[in-house]
Every structure is written in structure tokens, then in C-alpha cells.
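Here are my notes for a colleague opening this entry for the first time. Please keep the display at hand and check each point against it.

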Amino acid sequence: MKYSIIVLLEDPHADFSQFVKNLHDVFATRGDSFEILIMANGTGGFLRNQLTKLQGFNHAIKAFEFNTKTTQAVCLQAGLKESSGETIVACGSYQQITNDSFNQLLDALDEGADIISPWRQGRVDPGFNQFQSKIFNTFVRRLLKTNLHDLSCTVKIFRKEVLEDTNIYGNMYRFLPIVAAQKGFKTKEIKCQHFQERGETGFYALSDYVTRLIDIFTIFFNTRFIKKPLRFFSSVGLGSLLIGLFITFYVFVEKFFMGHPVGDRPALLLAIFFIVLGVQAASVGLLGEIITFTQGRHKKEYTIEKKI
Amino acid sequence: MNLTNPQPIYLSIVVPLYNEEESVEKLLLGLLEVGRQFEFAYEIILVDDGSTDRTWDNIERLKKTTLQLRAIKFRRNYGQTSAMVAGFDYAKGEIIVTMDGDLQNDPSDIPMLLGKIEEGYDIVSGWRKDRKDHVLKVLPSRVANAIISSTTHVRLHDYGCSMKAYRAECVKSLKAYGEMHRFFPALASMTGARVTEVPVKHHSRKYGVSKYGFERILKVLSDIFAMNLIIRFSSNPLKGFVLCAVPFLLLTLFFGGLTLLALILQWTVGKAIFFMLSTALTGMAVVHLLALGVVGELVVSTSDLSHTRMPEITKKCIITNGEEQVAKRKVRGA
């Protein structure tokens, strides 16, 4: 089988069956074999109602329901386990990009790439959302040194091996192209036409921003330092230690050459604080290193493309 | 080699390759030439470390005509050490020989390395006694060697030489990355492996470009530093952290004493507060380090890593005089 389409159903809406029918049409006209896996993530009985509307397509559709709400990554992994296609098309529960765009993306993958990340053009969601999305993407692009412009698009098309070889958990689904590129998979960004947006608009809850920020940091750490935590923490610790030593030096110069007293000034206290902080950061890194060294031995540092 | 009745493979030659399209064929011919003298079955494992040139195509082409050849292709460049580890993992032989893919090592040295292994050593490291490299490459390497030699228990002249022979069980479970292949002897000797070195031939580079530079020196040095810390701390974390805590403990006592003095002799209030806060801060560091030491001890004790305390059998039996079998068992730190 060529395509396995994994639909992550999170927020139930009336047009869902229409979306699935449309997906079916897109792939049916392509002529390749395909299956649609619907992963209903804590939507109660919604899926069962919808399935009655989709009866004509039963042969191509598999539906799964999670009892309780779980993360997107779990849904995706579960979908992967049940799928039999070579190529995975992951998407949200509504039509985010046009039918033509789907075809463009699929063609791009066939032309030689492991994962396709769509870049929505002509966006139809409110300007404020676009603005937020732009800030998020620019920040990620700068910090993680990628050239992807639109991680927030729910559609991701990739070869099965990409998900098998990358460790995606929690809310990391949107970062899949970055993690995959880091593992050596060929990532391509393709411009496509935005069709519809159903997500929340306006300001999100404060916790959403915090979670997103933590996610970015997690990815940053995971892609750069997970195998060598000592590097990360010791660079932080060394910086702090140097600041502390510099302040100490300055205070003593003042004391011995200018005659200013040391004892009851906060400067030296600050210096001690920085030194202690530096040692603590470095020692945490060392502990991290001990953990990866002694526990993570079975984890491979590399990804193998071929063996002969 | 008897092809109709294949013997189990005795020797695996692991060669990491990165953008070596010109060298592959020559390298393979050199290895096969040496292989003709062998009376045992062997294999050649080429690891393509994410080359961007035609290295892999050449390997696939050569594979068709060479039965002994096996190969691995990485998705991207992960470095020589990872390539070696992947090769170890894939190897079937009892003995593993590693060498550079840039034709600077000479395959004709392999029988000599094997000879040393048969003498009873577990690891034989090559020593490029007469090195044909630019002085800017040799000098940093000398420094690195001196540091590794003085900080680990294994004393060799040339840790950076890729030409090494190992008993497979010594390296099968190694965990390493970056530039850590230099530490394979040191890591393996933690399990009680016997390490020795032999001078090997060295040729100047014919094809491709050297993958060295100033950045590399920094990387190697920081790896050396990290590796030393890791080796020390992971065999006895609590001890290491306690040692780190000692200076802070002394500072705590010092500031604590001054606090008492300040209170008793009624110095200015500012001084008393300053000393009190200093005592608290340094005391915190002591507690933090001790706590980490305990957690570290916990982590190491639950790990499957046996090298830190378990005696390990590095050799089950050796045959001397062709008949007598001697079982040897070695205990770490003996």
C-alpha cells in the first residue's frame, strides 16, 4: 500500500465527514492504493455518528478511538502502528490546504524527499493569528537554524521510516520536520494554498504560550545537546563562574589598590552567588552525562539508511 | 577461503569513509591483497558516514564483485567514532580491526596487529611512529596524546591512530560519539582489557582533503576533558562529587567562623549579614553537590554498565602449542 492517511480528530465539528470524503476523493483520483486512519482523540461518541455518514467508504477507512484525551504524538505513533502504507500523510480534522496543494505535496515527496513540510500561502485566518504564527516560526527558525517557515500547519507528509527513527513525544508533532532533518532525513518545504482554519483565534490562554516556549526549548535541547548534556550545562556554568570570578577580582582590586572595604558590600556576595550557581549548573550537567553514559548505551547515536 | 563450506568469520575490518570516492577501490584492493594471506574467514565492513560524493555508489558497485564486503550507509555525517561504533555493531568477527579510509594506514600492518592479539592482548593500538602529516596536525595531536596518557591509566604514544585491533567483546557495547574513538583503549581497559601498541606504517594523503582544523583541536580537547570526567565520575560518582564539595565545605566553615566572630565581637551589622549569607550560599553548594553525588550513585547502580565494578571475562580460552587450552579470567583493576 502506498499511502496511509492519519487523521488526528481532536475537535469534533459537523463538516468532518465531508472532509474525510474529500480526502478520499483526492487520493482516489491519484490512483495509488491508500487507507485512511481516523484517530479520534477523546471525542466521545462523535466518531461513531460520523462513521454512519461514511458508510460508502468503509473499505478504505479504519477508525480508532482513544478513551481519554492523549497527546498528538501518541495518536500518531498508534496510527503508524496500525498503518500499512509506505508514505504517511498526517493531517488535522479539517481541510487546511486545498486539494491541489495535497497533490503538489505528494508529488514533491515522490520527486525525492523524506519529509514534506507545507508552507501555507494566502492565509485565510485572522491577521492576528498570522502575526503570532509568524513570530513563533521566526523565533524557531533563528534558534534552531532551520529554514522552515510554517511549522504550525497540521499537514505533514513523510516516509514511514521518518517516524520510526525519530523519537516524537508530547506536543512535538509540529517539530517533526526539524527532528527528522537533524536525523539526516531529506526535508523539503513546499508552498501551498491555505484553504480553511478552524483553530482558536485571538489570544490563546497564557498557559499555551508557556507550553509552546517550553516545547521550543525541549526541541532545542533535544536536537543539540541530548547526547552531551555536559556541554550545555558546563557552558552555562562556566559563564556564571567567570562572571563570579571577575566580580571577585574587581572587588579585590578595589580593596587592595583603592582601599575600599569589602566586608559589608553586596558585590562580593553577588560574586559568591555566581560561583555557586556555576558549580551547580556544571555538576547537574555532569550528572546528566553520567545518566546518558550509563543508561543510554542501547540508544544509537546514528541513523542508518542502508545496510548491504 | 573455502566458499562451499563457510567458516565462521574470524576477522572484521571496519573502515569509516567520508567523501572518499577515489580511495574506496584502492583501499579495497589493498585489503583483499592482504586478505589472501589469511587462513581464516574475514569480512570488510565499510561505513559510509553520510558522504556527499559518489562513495556509496562505488561501494555498491564493488559489493557485486567482492563477497567479503559488507557496508553501512548513514543518513548524514555523524563522525568517525559513530561510524566505528556502527561497524562494531554490524561486525561478525571475533577480532575487529579498524583503520582510516584515506589510504594513510597500510593494510599490510594487519597481520602484525593480529599477531599481537594472538600473544594475548585484547587491544593493539597502532603507533604512527613516522607520521607523514603537516606539522600543524601533528603538534596538536602530540599534546592531546600527552594529556590522555597522563590522565588515563593507559599509556600509549598515539591514541589518534585509527589503526587498531580489538577483541570484539571489548568494544561491542561501547558508547561513544564525537572524537571519542581515541578513548576506546581507555574505556576498554576499565573492564580489564590488556592494551599494547605497535609501530605502523603511515602514508601521506593522496586523495581528498584532510578533515582537520583549529575547530577540531578544540573539539578533541573538550572531548578529552569530558571523557576524563565521565570515566572518573561514572565509576564512583559519590566520591567525585564529594571531592568537588570539599572546597565549598571549607568556605562554609570559613564564613561560618567569621559569622560567629562577627556576632561575638559585635562587628558592624552589615558584616554579620554578609558572612551569614555567604555561609548559606556556600553551604547550599555543598548540599547540592552531595545530593547529586547520591543521585549519581543511584543512577550508576541501576545501570547495565558492568565495567565499573564487575569483573569481566575478556577471554574465554586461548590455545597454546595447538592443544593445551587455558582458561583465563581477569579481574578489573588487577
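**Helix 9 and the contact between the chains**

1. In this predicted model, helix 9 of chain B is followed by Gln266(B), a residue whose phi is positive, near 55°.

2. Helix 9 of chain B holds 28 residues, and because each residue should add 1.5 Å, a span of 40 Å is expected; the end C-alpha atoms are 40 Å apart, which agrees. Along helix 9 of chain B there is nevertheless a kink of about 35° at Val246(B), placed shortly before the proline Pro247(B).

3. Which residues of helix 9 of chain B are buried? They are Pro237(B), Gly240(B), Phe241(B), Cys244(B), Ala245(B), Phe248(B), Leu251(B), Thr252(B), Phe255(B), Thr259(B) and Ala262(B). As background to this list, an α-helix has 3.6 residues a turn, so residues three or four places apart point the same way.

4. Turning to the contact between the chains, 44 residues of chain B are in contact with 32 residues of chain A. On the side of chain B that touches chain A, at least two residues each come from helix 2 (55-63), strand 3 (69-74), helix 3 (80-90), helix 8 (214-235), helix 9 (237-264) and helix 10 (269-301) of chain B. Helix 10 of chain B gives the most to this side, with 16 residues, and the residues of the side as a whole divide into 25 nonpolar, eleven polar and eight charged.

5. Strands of the two chains also pair: strand 8 of chain A (residues 304-307) and strand 3 of chain B run in the antiparallel sense over three bridges. Here Lys307(A) stands opposite Ile72(B), which belongs to strand 3 of chain B.

Note on methods: Residues are numbered from 1 along each chain as its sequence is written. Chains are lettered from A and ligands numbered from 1 in the order in which they are written. This is a predicted model: local features need pLDDT of at least 70, side-chain atom pairs count only at pLDDT 80 or more; totals for chains, interfaces and linings use all residues. Two residues are in contact if their C-beta atoms, placed from the backbone, lie within 7 Å. Helices (H or I, at least four residues) and strands (E, at least two) are DSSP runs, numbered from the N terminus. Ala, Val, Leu, Ile, Met, Phe, Trp, Tyr, Cys and Pro count as nonpolar, Asp, Glu, Lys and Arg as charged, and the others, Gly among them, as polar. Two strands pair if DSSP finds at least two bridges between them. The expected span of a helix is 1.5 Å times one less than its number of residues. The bend at a residue is the angle between axes fitted to the seven residues ending there and the seven starting there. A residue is buried if 20 or more other C-beta atoms lie within 10 Å of its own, exposed if 12 or fewer, and partly exposed in between; C-beta atoms are placed from the backbone.
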